[in-house]
Amino acid sequence: MNTHSDMIQLASLLETEWKGGAVDRQHVRDLAERLLPHHPELRNTLSSVKNRMSRG
């Protein structure tokens, strides 16, 4: 598991969504969930992403 590449991928997917593109919401949610234990300093941000993608 490479958390750096996961973070880059998550950022890219969120940018795509922000620009109005379609993203696989399940995949984005899974990335955020996978990164949570490794980045406690981003707990609020990653939890927010995970919750938002779950609502989709």
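These exercises work through helix packing and the nonpolar core of a predicted model.

**Exercise 1. Work out how helix H2 is oriented against helix H3.**

Step 1. Locate the helices. H2 covers residues 25-35, and H3 covers residues 43-55.

Step 2. Take the geometry. The two pack at an angle of about 155°, and their axes lie 8 Å apart.

Step 3. Apply the cut-off. Angles over 145 degrees count as roughly antiparallel. H2 and H3 are therefore roughly antiparallel to each other.

Step 4. Add the handedness. The crossing of H2 past H3 is left-handed.

**Exercise 2. List the residues where H2 meets H3, and sort them by character.**

Step 1. On the H2 side, find Arg 25, Val 28, Arg 29, Ala 32, Glu 33 and Leu 35.

Step 2. On the H3 side, find Leu 46, Val 49, Lys 50, Arg 52, Met 53 and Ser 54.

Step 3. Sort the residues of this H2 and H3 contact. Six are nonpolar, one is polar and five are charged.

**Exercise 3. Describe how H1 packs on H3.**

Step 1. Take the geometry. The packing angle is about 50°, and the axes of H1 and H3 are 13 Å apart.

Step 2. Classify the angle. That makes H1 oblique to H3. H1 passes H3 in a left-handed crossing.

Step 3. Name the partners. Leu 10, Leu 14 and Glu 17 of H1 meet Leu 46, Val 49, Arg 52 and Met 53 of H3.

Step 4. Sort the residues of the H1 and H3 contact. Five are nonpolar, none is polar and two are charged.

**Exercise 4. Find the largest nonpolar core and say which helices build it.**

Step 1. Gather the members. There are 11 residues: Leu 10, Leu 13, Val 23, Val 28, Leu 31, Ala 32, Leu 35, Leu 36, Leu 46, Val 49 and Met 53.

Step 2. Assign them to helices. H1 (3-18), H2 and H3 each give at least two residues to this core. H2 gives the largest share, four residues.

Step 3. Look at one member. Beyond residues up to four places away in sequence, Leu 46 touches Leu 10, Ala 32, Leu 35, Leu 36 and His 39.

**Exercise 5. Is Leu 31 buried or exposed, and what does it touch?**

Step 1. Place the residue. Leu 31 sits in helix H2.

Step 2. Check the accessibility. Buried means under 20% relative accessible area. Leu 31 has 0%, so Leu 31 is buried.

Step 3. Find its contacts. Apart from neighbours within four places in sequence, Leu 31 contacts Asp 6, Gln 9, Leu 10 and Leu 13.

Step 4. Follow one of them along the chain. Asp 6 and Leu 31 are 25 residues apart, yet their C-alpha atoms are separated by 6.6 Å.

Terms used:
Residues numbered from 1 in each chain as written. Predicted model: local features only at pLDDT ≥ 70, side-chain atom pairs only at ≥ 80, totals over all residues. Heavy atoms only, no water. Axes fitted to C-alpha atoms, helices over the stretch in contact; angles between N-to-C directions. Parallel < 35°, antiparallel > 145°, perpendicular 65-115°, else oblique. Left-handed = near helix turned anticlockwise from the far one by under 90°. Contact = heavy atoms within 4.5 Å. Nonpolar A, V, L, I, M, F, W, Y, C, P; charged D, E, K, R; others polar. Core = buried A, V, L, I, M, F, W, Y, C linked by side-chain atoms within 4.5 Å. Buried < 20%, exposed > 50% of the residue type's maximum accessible area, 1.4 Å probe, protein only.
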